[in-house]
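User: Please take a close look at the aromatic rings of this protein. Which rings pair, and where do charges sit over rings?

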Amino acid sequence: MDTRELDPSYFDEQVYVKHVAVDNVIFGYHDRELKVLLQRPNFQLKWTVAGGYVRKTESIEEAAHHIAFLRTGLKNLFLEQFKSFGHPSRTKDDWQAIKKAIENAGMTPPPDSWILDYSVSIAFYTLTEFSLVTVQKGPFDEALDWWPVSQLPPMMFDHALIIEEALKALRRDIYHYPIGYELLPRKFTLPEIHSLYETILGKMLDNRNFTRKLMSTGIIKKLDEVRNIGAHRSPYLYKFEKKNYDAALKNGIFLGF
């Protein structure tokens, strides 16, 4: 839910599109781990992905961008819609927890409020450079933290499934889009981008073949700079070529690792 907009209009069907939610799986990469930004509602033990409802004045994509901005403090992040979730029982077991969390935020929803009923979720994943994020907890959140995708806490609703499907989509898209541009710092080493791709794909990649395929796309460029990381260890730095990156986003690429 959109934690910064808990006011009476939150239950107003004239303001929001009823029964349509947006859930945004926000991925970051840190310490060789793919992480996801999760929120835990007030007085709850379970966690959720970042989410909210859609105002009638905005598109679904605008709602997803707004949700990402509220949690990260960053605008215009890369996001991709990957699936919708609409099983009638997807929130059944936790609807009382929703009601309690809203009441603990100082509000009392009407007994017949649509917000306590079944909603369809349109899911996006968002990519961001971990170091740029300023995690912003709202009044509806008791906690907002990064979690490794391999070690998720107990999740509410069907949000564990949503993360699982987001990861599948990310693994599919990594072969066709320059995903690393969004997750790595502006300058990086070949071992760093190699580790990123291995982490996302969950498998080992031949180093020589990986480098050859990546360089052949023209989306990364070697710099005349090195990173001093120890005796006899000064790997060259690389960066993404923005023009080629934009073209790859538009036209797609193929990385057959």
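Analyst: The aromatic rings are described below, pair by pair. This is a predicted model, in which local features need pLDDT of at least 70 and side-chain atom pairs count only at pLDDT 80 or more, while totals for chains, interfaces and linings use all residues. Residues are numbered from 1 along each chain as its sequence is written, and side-chain values use heavy atoms, with hydrogens and water left out.

Rings of Phe, Tyr and Trp (its six-membered ring) pair if their centres lie within 6.5 Å; planes under 30 degrees apart count as stacked, over 60 as edge-to-face and the rest as tilted. The count by this rule is 10 aromatic pairs. One of them joins Phe-78 and Tyr-125, a tilted pair with 6.4 Å between centres and 40 degrees between planes. Because Phe-78 belongs to strand 4 (residues 78-85) and Tyr-125 to strand 5 (residues 120-127), this pair ties together parts 47 residues apart in sequence; strands are DSSP runs of E, at least two residues, and helices are runs of H or I, at least four, numbered from the N terminus. Both Phe-78 and Tyr-125 are buried, that is, under 20% relative accessible area, with exposed over 50% and partly exposed in between (1.4 Å probe, protein chains only).

Tyr-181 and Tyr-245 are stacked, because their ring centres lie 3.9 Å apart and their planes meet at 20 degrees. Tyr-181 lies in helix 4 (residues 180-183) and Tyr-245 in helix 7 (residues 242-251), so this pair links parts 64 residues apart in sequence. Tyr-181 is partly exposed at 27% relative accessibility, whereas Tyr-245 is buried at 4%.

The charged end of Lys-222 sits over the ring of Tyr-236, 4.1 Å from its centre; the rule requires NZ of Lys or CZ of Arg within 6 Å of the ring centre and within 35 degrees of the ring normal.
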